[in-house]
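Q: Please take a close look at one part of this model. Start with its buried side, then work outward to whatever it packs on.

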Amino acid sequence: MSRIRSRNTSPERAVRHALWHKGYRYRLNDRRLTGSPDLVLPKYRAVIFNGCFWHGHRGCTKYVVPKTNEAFWREKIARNIARDELNAQRLDTLAWTVITVWECELGKNTDATIARIEADLRAAKEIYDKWTALRRESREYAREQARKHREILAQVEAELNLPKSLRRYATREGEILY
């Protein structure tokens, strides 16, 4: 099990390589966002998670529960799936689009998977542009979004106990500042 890595895996490198050569620029494992996504594309306001084993891709040949300590691994993968759903909801509230890429998709036809990712990124860009336009037009909507954003960031900070060097915001008298 020590050989199953959570970062810099070969499927992740394949996606990164293909996206880089198509002109997409990204950040790796940005801890400032909930879930520490594998790839963060700020221009498109999108994040990419990948991996069949750690994210429990059912019906996949890459997701096999280890035979030793099987109960532990079933529980661990179930917790990972629940955590992924919660992180996806939080990111959606913060107006981020979540894209999941499975390892088994990359093995069969990488070009089709990259084309799907590109289509998802274009859709994410359109959604983000509409969201920013709505925020500009309605001051009440902008305030509500900012309040939700602050609440989620405070929850994430409390859960992760991030060091000061990684905090995106500072607090003063219980108020969160940007």
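**A helix and the sheet beneath**

A: In helix α1, the buried residues are P11, E12, V15, R16, A18 and L19. They cover an arc of only 170 degrees around the axis, which puts them on the same side of α1. An α-helix has 3.6 residues a turn, so residues three or four places apart point the same way. On the other side of α1, H17 and H21 are exposed. All of this comes from a predicted model.

Next, the geometry. α1 has twelve residues. Its first and last C-alpha atoms are 16 Å apart, close to the 16 Å expected at 1.5 Å a residue. After α1 comes G23, with a positive phi near 100 degrees.

What does the buried side of α1 pack against? The partners are β1, β2, β3, β4, α3 (103-108) and α4. Helix α1, residues 10-21, lies across the four strands β1, β2, β3 and β4. Its direction makes about 145 degrees with β3.

Now the sheet. It is open, with four strands in the order β1-β2-β3-β4 and mixed pairing. The edge strands are β1 (27-28) and β4 (97-101), and each of them pairs on one side only. Strands of a sheet pair through backbone hydrogen bonds, either parallel or antiparallel. Both kinds appear here. β2 (residues 39-41) and β3 (residues 46-50) run antiparallel, joined by three bridges. β3 and β4 run parallel, joined by five bridges.

Individual pairs can be picked out. V40 stands opposite V47 in β3. L41 has A46 of β3 as its bridge partner. A46 also stands opposite T97 in β4. The hairpin of β2 and β3 has four residues between the strands, and R45 there takes a positive phi near 55 degrees.

Is β3 enclosed or open to the outside? Five of its five residues are buried, so β3 is largely enclosed by the rest of the structure. In a regular strand the side chains alternate between the two faces of the sheet. Both faces of β3 are covered. A46, I48 and N50 are buried on one side, V47 and F49 on the other.

A second helix joins the packing. Helix α4 (residues 110-137) packs on the sheet and touches β2, β3 and β4. Its direction makes about 175 degrees with that of β4. The 28 residues of α4 should span 40 Å at 1.5 Å a residue; the end C-alpha atoms are 41 Å apart, which agrees. Its buried residues are T113, I114, I117, E118, L121, A124, W131 and T132.

The loop between β1 and β2 holds two backbone oddities. N29 sits in this loop. Its phi is positive, about 40 degrees, although N29 is not a glycine. N29 counts as buried, at 15% relative accessibility. S36 lies in the loop between β1 and β2 as well. Phi of S36 is near 45 degrees, again a positive value in a residue other than glycine.

Consider the cysteines too. How many disulfides does the structure hold? Zero. A disulfide is a covalent bond between the sulfur atoms of two cysteines. The sulfur of C104 has its closest cysteine sulfur in C60, 3.6 Å away, too far for a bond. The cut-off for a disulfide is 2.5 Å. C60 is buried at 8% relative accessibility, and C104 is buried at 17%.

One residue in another helix gives a contrast in exposure. R79 is found in helix α2 (residues 70-93). R79 is partly exposed, with a relative accessible area of 43%. Its C-alpha atom is 9.9 Å from that of G56, which is 23 residues apart from R79 along the chain.

Last, the wider setting. The chain has five helices and six strands. Along the sequence they follow the pattern α-β-β-β-α-β-α-α-α-β-β. Of the 178 residues, 38% count as buried. Among contacts with a separation of 6 or more, 53% come from residues 24 or more positions apart.

Terms used:
Residues numbered from 1 in each chain as written. Predicted model: local features only at pLDDT ≥ 70, side-chain atom pairs only at ≥ 80, totals over all residues. Heavy atoms only, no water. Pairing = 2+ DSSP bridges. Contact = heavy atoms within 4.5 Å. Axes fitted to C-alpha atoms, helices over the stretch in contact; angles between N-to-C directions. Buried < 20%, exposed > 50% of the residue type's maximum accessible area, 1.4 Å probe, protein only. Expected span 1.5 Å × (residues − 1). Arc of directions from axis to C-beta.
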